[in-house]
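Student: I have a model open and would like to work through its packing with you. Could we take it one question at a time?

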Amino acid sequence: MRRAISCCLLLLGAGACQNTNADSSTHAAAPAHSATPVTTKDALLAAEQRRDSAAIDREALSSRDVSVRRIAARALAHIADARAAELLPLALADEDPEVSTWGAYGLGYACRGRETKVVPALVARAATLPTLPTLHSASLSVALASPAEAISDALGRCAGAEAESTLRAWLSGPKPRAEAAALALGRVVERTGKLDDATVVALLDAADRPRAPLENALYPFTRLASLNASTGERLLTLALHAIAAHGPGAAFAVRALGHTGDAGSVALGKLFSDTTVSAGLRAQAARELSTQAATGQRPLWAAFDAAFPESPSDADLVGDSYGPWSAVLDALQPPALSSGAKLQALAQLPIGAQDSATLKRRKVHLRCTAAALLAGSNYQNARLVACDPAAESTARDLAVLAVLGRDKLSGSRKQAYLQWASSTNGPLREAALELIGQHAELGEAYRVLAEALSAKALGVVATAAHVLSSYPERAGRHSGPDAHDAPKPDPSVVQALAAAYAAASERHSVEVQSLLLDAIGALQILSLKEAVNGACNSDNPTLREHAEKALRLLGEQNRRCDQFVPGKDLSTGTGTLQKETLTLDTEAGNLTIALDPVFAPTAVARISALVKSGFYDGVSVHRVVPGFVAQFGDPSGDGYGGDDQPPLRCETSPLPFQTGSVGVALSGRDTGSSQLFVTLGRYPRLDGQYAWVGQAGPGWDRLAAGDRILHARLSAVP
């Protein structure tokens, strides 16, 4: 939903849409591709930016200049349409490892619907390759995947029986390829939701080797939804062993524990309480327990009792301990399963007049979260209302609203809710809108939603659209709280949707446009079909994807949006970019990012220009998930905003997102803007999904949501 690194799996290549006559009959539209193929580097980059695969032909892929072949292969991999899929096998077969890597990477993106051709080609090419480690270059801050690794990843994206069996066989081969195969099997789970029994056994065996067990063998289990009892028992044993060994696979082992039943939940609670374990792993343990609903609550409360101090020191609150502490406190749900004494102490944590802004922010978060847990459903609880002594406090208001939503919204509770739902505070209003799905007794929800769609804040509009697509029955007038037939959308909602879509288009917000398309489809508003058809013909793949879904809900079951007219030449503004150090002076201290434009020159050029314009000065770090990610670059502070420029084309690459990697946040393919994220752990599901723009320095794990960037500046790398 929000522009975040968890919401974008870019599995569909750039395609486009058939044109539609007024009577909804369809006919194939001839794509207006470039008539003149190009072979110069600048022209290839321009073709990539406008997503014009017809401008790149075999000549570019057979150039004697290896740099031209690399750029051509990279461009086709980013475009990943039908024509690119025809040419990428030439890149896959190239003698240059980097060209071959781009060929495999692009075929992984273009694989869906072409598995019967792509998978055999990938397997055949793998048979001719040495199992080289990753490709290192003096010009790179991080190693590019080798052809063998890229082929493994592509097979994982293709999925299917042949791809899975091939990857399973590679688990017992040379270690570099075996490690890549284990990660790729995680991709298979993402695509299919399951693995064959033989694959499950092979992965467990690979993790259980006396000598050189595979570090990545447990990763696919972090993606599986369910396991049988015997598999769960063995996985539990292996995960605990990997954690005790403090090896590179420990993070995967922690996440795998959450899939091993009650015993795993107990183990996660004990892990959180172990202060010898790193703060990042302890935070991950708390997050795993939070995903288990009621099952995870008892071990969470036990961990809270065992490891959370009644009076945390100021030094701890601005240090590494705050991340896991906030993670476990945020995961707790009422009713309390332990003594309330510690919660009461936290709810009254002293705030000193000399406390820094960042220290005060952390104390307020702990106070308000603890007070909300103690308040039950009493939103007027004195301790809760006083959790932040400031006259205006978003943290306090969000806590009060959460408590308000724990009971039916009627009488005085309803009146209080309606005030929150029309608040001028964007994050607060969004939180109020999100409660609509849980409260069918709000008969006039359509009025609240129509007003929200008319708001200027993109996050408010996006949240209203998401609620409408998820709960279409809330768009009309109900005869009562027990009405079973979904009413027709109220005219005010239809009118507001039309106006909101036009406004989001003017602001280049593909994310909000996409959510509005979802709402139009879910509500089956035929009068807005023209807007949906326009999105179907867009050169933006995310808009086309949502338009196709909406058109099918509007009655065109066979409609496709997989052809398009390439966009205009876009000014990349890259110039002669060099590596630079981005320094952020924040309320939590100075933080750095080493920007590298090698594989994302357009994105780095945008970031550099924004820094020089002062865009990031005063902007808050709006999202921090301890042990996972820190994200910034949205002036609105809710994750929906950006710089209001046309969205960046994705410059994704076969680069791993290691701890400290920096990427461009997305809400779908080709939706990048000013938001950046820094990874706080190893999460392979991010690999190849986002533009990698650099590497962060130390200290990012000490951030908390709300910490402000005071000033951003650039300096040349010597």
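Student: Which helices do the buried residues of H12 pack against?
Tutor: Happy to start there, and keep in mind that this is a predicted model. Helix H12 covers residues 250-257, and eight of its eight residues are buried. Among them are Phe252, Arg255 and Leu257. The buried residues of H12 pack against helix H9 (175-192), helix H11 (229-245), helix H13 (261-273) and helix H14 (279-290).

Student: Now the sheet: why is one side of S5 and of S10 left without a neighbour?
Tutor: Begin with the strand order, S5-S6-S8-S7-S9-S4-S3-S10, in an open sheet of eight strands with antiparallel pairing. Strand S5 (621-625) and strand S10 (709-716) each have one side free because they stand at the edges, each with a single partner strand.

Student: What is the bridge partner of Leu582 in S10?
Tutor: Look at strand S3, residues 580-586, which pairs with S10 in the antiparallel sense. Seven bridges join S3 and S10. Across from Leu582, the bridge partner in S10 is Leu714.

Student: What angle does the direction of helix H30 make with that of S10?
Tutor: Helix H30, residues 601-613, packs on the sheet. Its contacts include S3, strand S4 (589-595), strand S9 (692-696) and S10. The direction of H30 makes an angle with that of S10 of about 120°.

Student: Which residues of S8 are buried on each side?
Tutor: In a regular strand, side chains alternate between the two faces of the sheet. Both faces of S8 are covered. One side has Leu676 and Val678 buried, and the other has Phe677 and Thr679.

Student: Which residue of S8 does Val629 stand opposite?
Tutor: Strand S6, residues 629-632, pairs with S8 in the antiparallel sense over four bridges. S7 also pairs with S8 in the antiparallel sense, over three bridges, and there the bridge partner of Val664 is Leu676. For Val629, the residue opposite in S8 is Thr679.

Student: How many nonpolar, polar and charged residues line the second largest cavity?
Tutor: The structure holds three cavities of 30 Å³ or more, and about 60 Å³ of space lies in the second largest. Its lining includes Val664, Leu666, Arg649, Glu651, Thr652 and Gly672. Gly counts as polar in this scheme. By class, the lining has six nonpolar, two polar and two charged residues.

Note on methods:
Residues are numbered from 1 along each chain as its sequence is written. This is a predicted model: local features need pLDDT of at least 70, side-chain atom pairs count only at pLDDT 80 or more; totals for chains, interfaces and linings use all residues. Side-chain values use heavy atoms; hydrogens and water are left out. On a 1 Å grid over the protein atoms alone, a cavity is a set of points where a 1.4 Å probe fits but cannot get out, and a pocket is an open set with protein on both sides within 12 Å along at least five of seven lines; lining residues have an atom within 4 Å of a point. Grid points are joined across faces, edges and corners, and a volume is the space filled by probe spheres set on the points. Two strands pair if DSSP finds at least two bridges between them. Helices (H or I, at least four residues) and strands (E, at least two) are DSSP runs, numbered from the N terminus. Contact means heavy atoms within 4.5 Å. Axes are lines fitted to C-alpha atoms, for helices over the stretch in contact, and angles run from 0 to 180 degrees between N-to-C directions. Buried means under 20% relative accessible area, exposed over 50%, partly exposed in between (1.4 Å probe, protein chains only).
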